[in-house]
Amino acid sequence: MFTRYFSFLLACSVLCSTASLVVVPAAHAQSITDRIQSLFSRTRAEGNASGRARGGAIRSATINDRNLVALMPASNIGSTTEAYPTFWFYVSAPVPDASGVVPAARTAEFMLLDENQIPVLDAPISVPLPNTAGIVSFRLPETLPPLETGKSYNWFFAVLDRPDQLANDLYVSGWVERVAPDPQLSQQLSATAAGDRYAVYANYDIWYETVTQLVQNRTNHPQEWAQILALFNLQDATQAPVVNLQAQ
């Protein structure tokens, strides 16, 4: 664990310095789906990490491979009003090794750094992964110090298919910024049905809650769910299972 932990941080540093932005043409915010598209397409200079998968030489991935994708804006920075936000990813099924053996179990690790790239956590948080492809979420545990309002944090999520082969690991990274909620946000949330609150968050440019609320109510809003997945070339994942990951 000691070696993997510092290898993980080393990989994180490389990602921060080499990843490029993915920019999608902005949309006119005339409907809620257009608003989400606009929110996704927005670019910011500090969002220089990559929500697209990066890995070792054996399994270097691109968004087209869809082995691991973070549901993040093109700028790779998103806002939240929560002290303990939820992060969302698409994870593929495990890949067999050269002999055709599929790992019996696999895990992921979540790491959080501050704006100065100083680890906020003593060590990465380990979570077991399902052995099927689908959407997974990870909510920052409330046993940790809360995110501070007005600050940005650099997170990293690694899929560890084979603990003895670091080159097989895939990493995605992004930024989360905790913002103070607009005074009218709470009023509009209270006046909106629970299943429709994702639209309120989208109107206030709150990415993390927009995605969380939409995932939780995707059966009532299948078109919007399909369109947000289409932003990541994940159109065929609309019926994929959704799993909430729990720290070990």
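What percentage of the 248 residues of the protein count as buried? In this predicted model, 50% of the 248 residues count as buried.

**Figure 1. Overview of the predicted protein model.** The protein contains 6 helices and 10 strands, and its accessible surface comes to about 11,300 Å², with 52% of that surface belonging to carbon and sulfur atoms. When contacts are considered between residues at least 6 apart in sequence, 72% of them join residues at least 24 apart. The close-up views that follow turn to helix pairs and then to individual loop residues.

**Figure 2. Close-up of helices α5 and α6, whose axes come within 10 Å.** Helix α5 spans residues 207–216 and helix α6 spans residues 222–230, and their axes cross at roughly 130°. Because of this angle, α5 is oblique to α6, and the crossing in which α5 passes α6 is left-handed. On the α5 side the contact is made by W207, V211, L214 and V215, while on the α6 side it is made by E224, W225 and I228. Sorted by character, the residues of this contact between α5 and α6 comprise 6 nonpolar and 1 charged, with no polar residue.

**Figure 3. Close-up of helices α2 and α5, whose axes come within 11 Å.** Helix α2 covers residues 32–41, and its axis crosses that of α5 at roughly 135°, so that α2 is oblique to α5. The crossing of α2 and α5 is left-handed. Here I36, L39 and F40 of α2 meet W207, T210 and L214 of α5, and the residues of this contact divide into 5 nonpolar and 1 polar, with no charged residue. W207 and L214 of α5 thus take part in the contact with α2, and they also belong to the contact of α5 with α6.

**Figure 4. Close-up of the buried residues of helix α2.** Within α2, the residues R35, I36, S38, L39, F40 and S41 are buried. These buried residues pack against α5 and α6, and also against α4, which spans residues 197–203. Among them, I36, L39 and F40 are the residues shown in the preceding view to meet α5. In general, an α-helix has 3.6 residues a turn, so residues three or four places apart point the same way.

**Figure 5. Close-up of N76, a loop residue with a positive phi.** N76 lies in the loop between strand β2, residues 68–70, and strand β3, residues 77–80. Although N76 is not a glycine, its phi is positive, at about 65°. With a relative accessibility of 3%, N76 counts as buried, because the cut-off for a buried residue is under 20%.

**Figure 6. Close-up of Q117, in the loop between β5 and β6.** Strand β5 spans residues 106–113, and Q117 is found in the loop that lies between this strand and β6. Q117 has a positive phi of about 65°, although it is not a glycine. At 29% relative accessibility, Q117 counts as partly exposed.

**Figure 7. Close-up of N131, in the loop between β6 and β7.** The loop that holds N131 is placed between β6, residues 125–129, and β7, residues 134–139. N131 has a relative accessibility of 33% and therefore counts as partly exposed. Although N131 and V91 are 40 residues apart in sequence, they are 9.4 Å apart in space, C-alpha to C-alpha.

How values were computed: Residues numbered from 1 in each chain as written. Predicted model: local features only at pLDDT ≥ 70, side-chain atom pairs only at ≥ 80, totals over all residues. Heavy atoms only, no water. Helix = DSSP H or I, 4+ residues; strand = E, 2+ residues; numbered from the N terminus. Buried < 20%, exposed > 50% of the residue type's maximum accessible area, 1.4 Å probe, protein only. Contact = heavy atoms within 4.5 Å. Areas by Shrake-Rupley, 256 points an atom, 1.4 Å probe, with all protein chains shown as cover. Axes fitted to C-alpha atoms, helices over the stretch in contact; angles between N-to-C directions. Parallel < 35°, antiparallel > 145°, perpendicular 65-115°, else oblique. Left-handed = near helix turned anticlockwise from the far one by under 90°. Nonpolar A, V, L, I, M, F, W, Y, C, P; charged D, E, K, R; others polar.
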